[in-house]
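Please find below a short note on the structure, set out as numbered points for a first reading. It is best followed with the sequence and the model side by side.

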Amino acid sequence: MSKPVTNINEITSQRRSRPLFGWRSILVLLPLSFGGWYFWTEAGNARASNSGGSIAAGTSGSGPAIPVVAAHASRGDIGVYITGLGSVTPMYTVTVKTRVDGEIMAIHYKEGDTVQKGAPLLEIDPRPYEAQLKQYEGQLKRDEALLANAKVDLDRYATLMKTHAIPEQTYATQQATVAQDEGQVEMDKGLIESTRLNISYCHIASPLTGRIGLRLVDPGNYVQASSGTALLVITQTQPISIVFPVAEDQLPAIRSRTRSGQNLHVEGWDREQQHRLAMGALVTIDNQIDQTTGTVRLRADFSNSDDRLFPNQFVYARLLLQQKHGVLLIPIAAVQRNGSNTYVFVVSADSTVAIRNVELGAANGEETEVAKGLTPGEVVVLSGVDKLVESAKVSVQLRDKK
């Protein structure tokens, strides 16, 4: 049997001591737990940092090879071009209007047709002018008869004058009558010619070879010469020209070559400068510089046999100023730029890349001249450069031009 507790003070003391022991334990263990958590977190961060450093360091040479597309720097020919955004301008544009009043009876063309010079286009009712022509022709016959009779009287009066059988005044009056009748006959002839001309104006023919636009007046409408209403518009598209501006400081080089008799070639390119539309030649330079823009306009002619150039179309004109031969060329896609340098990534023999600063010369849409920084045969990276750093390991796929 257990020993009974008889001391009430001892029991109370034991009950009070238990809570005091629990709080002291918590105060001791709390700092130890926080310290352990901090040490574990810092150790984990250190391990992550060391792991990340190994990956970053491995990118420069110890990691897997980065696939890139590259090409050799090689010697070739390239043109020096002057480029300007211009517009396609027809050689001739004619707005056809009526010269006579009348109803449109017939139309002999279709919208968008290419018509030859002299081809019939429209018919205006000629009947009023044909009736007028008959009237003037009858009037002419009458006046010619009066003139013939007046001349007979004049000859008779001339014979009588020799014998002084009639007064001199009668003879002079008859001379004036003959002159008056001659004038009336000439007037009748003029009216006849004018009416015949109006009849010819009723048959409207094409004044040039070109393309017809949309029909502006329908058959059955009454047109008047005084109104100035346009019937249709014809534009010559073969040949056609491009008018484009160039900077005034480029003008001396162009003029020196034209004065020496060189025939400067001009290419027409689309707005994105991705497709060449036509080949032509420079024909003229404007006679003054536009002071607001500091440019001068040039005109180049194109045969446009395939109708790839359309009137008022915006195109880029590229004037070939000089042809360079045997210069070092690389694809323009290999050229990289930052705030201060122009550079390329050069692939070394050990399949690593090196950054090389270069100086460029003439360029076209696909290639550019390297004036300094490369030698023939070196391999430059075209695509995949966004993943490259100095000494990065690469796997090269060559894409040289054929």
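**Notes on the predicted model**

1. Strand 21 (residues 379-383) is largely enclosed by the rest of the structure, because four of its five residues are buried. The model in which this is seen is a predicted one.

2. Which strands pair with strand 21? Strand 1 (residues 66-72) runs antiparallel to strand 21 and is joined to it by four bridges. In this pairing, H72 lies opposite V379 of strand 21. Strand 17 (residues 342-347) also pairs with strand 21 in the antiparallel sense, over two bridges. Here V346 has V380 of strand 21 as its bridge partner. As general background, the side chains of a regular strand alternate between the two faces of the sheet.

3. The wider setting of these strands should be kept in mind. The protein chain contains four helices and 22 strands. Of its 402 residues, 31% count as buried. Among contacts between residues at least 6 apart in sequence, 75% join residues at least 24 apart. The accessible surface of the chain is about 25200 Å², and carbon and sulfur atoms account for 53% of that area.

4. Helix 2 (127-162) is made up of 36 residues and spans 53 Å from its first C-alpha to its last, close to the 52 Å expected at 1.5 Å a residue. Its buried residues include Y129, L133, Y136, L140 and L147, and the buried polar or charged positions can be looked for in the same list, with D143 and D153 among them. After helix 2 comes H164, whose phi is positive, near 60 degrees.

5. Helix 3 (residues 168-201) has 34 residues, and the 50 Å from its first C-alpha to its last is close to the 50 Å expected at 1.5 Å a residue. Among the buried residues of helix 3 are V178, V185, I192 and I199, together with Q174, D181 and D188.

6. What covers the buried residues of these two helices? For helix 2, the cover includes helix 3. For helix 3, the cover includes helix 2 and also strand 7 (203-205).

7. The largest nonpolar core has 28 residues, and those with the most contacts inside it are L121, L122, I212, L231, L232 and I234. Strand 6 (120-124), helix 2, helix 3 and strand 10 (230-235) each supply at least two residues of this core. Helix 2 gives the most, with seven residues. A second, separate core has 22 residues, including L277, V296, A300 and L309.

8. L231 deserves individual inspection. Leaving aside neighbours within four places in sequence, L231 is in contact with residues that include V96, I104, Y109, L122, I204, L216, V217 and V223. Its contacts also include K97, T98 and R215.

9. Is E267 buried or exposed? E267 belongs to strand 12 (residues 265-269). Its relative accessible area is 10%, so E267 is buried, the cut-off for that term being under 20%.

10. Which side chains make polar contacts with the side chain of E267? The side chain of Y81 does so at 3.4 Å, and that of W269 at 2.8 Å. Not counting residues up to four places away in sequence, E267 touches Y81, R276, A278, M279, F302, Y316, A317 and R318.

Methods. Residues numbered from 1 in each chain as written. Predicted model: local features only at pLDDT ≥ 70, side-chain atom pairs only at ≥ 80, totals over all residues. Heavy atoms only, no water. Buried < 20%, exposed > 50% of the residue type's maximum accessible area, 1.4 Å probe, protein only. Contact = heavy atoms within 4.5 Å. Areas by Shrake-Rupley, 256 points an atom, 1.4 Å probe, with all protein chains shown as cover. Expected span 1.5 Å × (residues − 1). Core = buried A, V, L, I, M, F, W, Y, C linked by side-chain atoms within 4.5 Å. Pairing = 2+ DSSP bridges. Polar contact = N/O pair within 3.5 Å; in protein donor to acceptor, adjacent residues only side chain to side chain.
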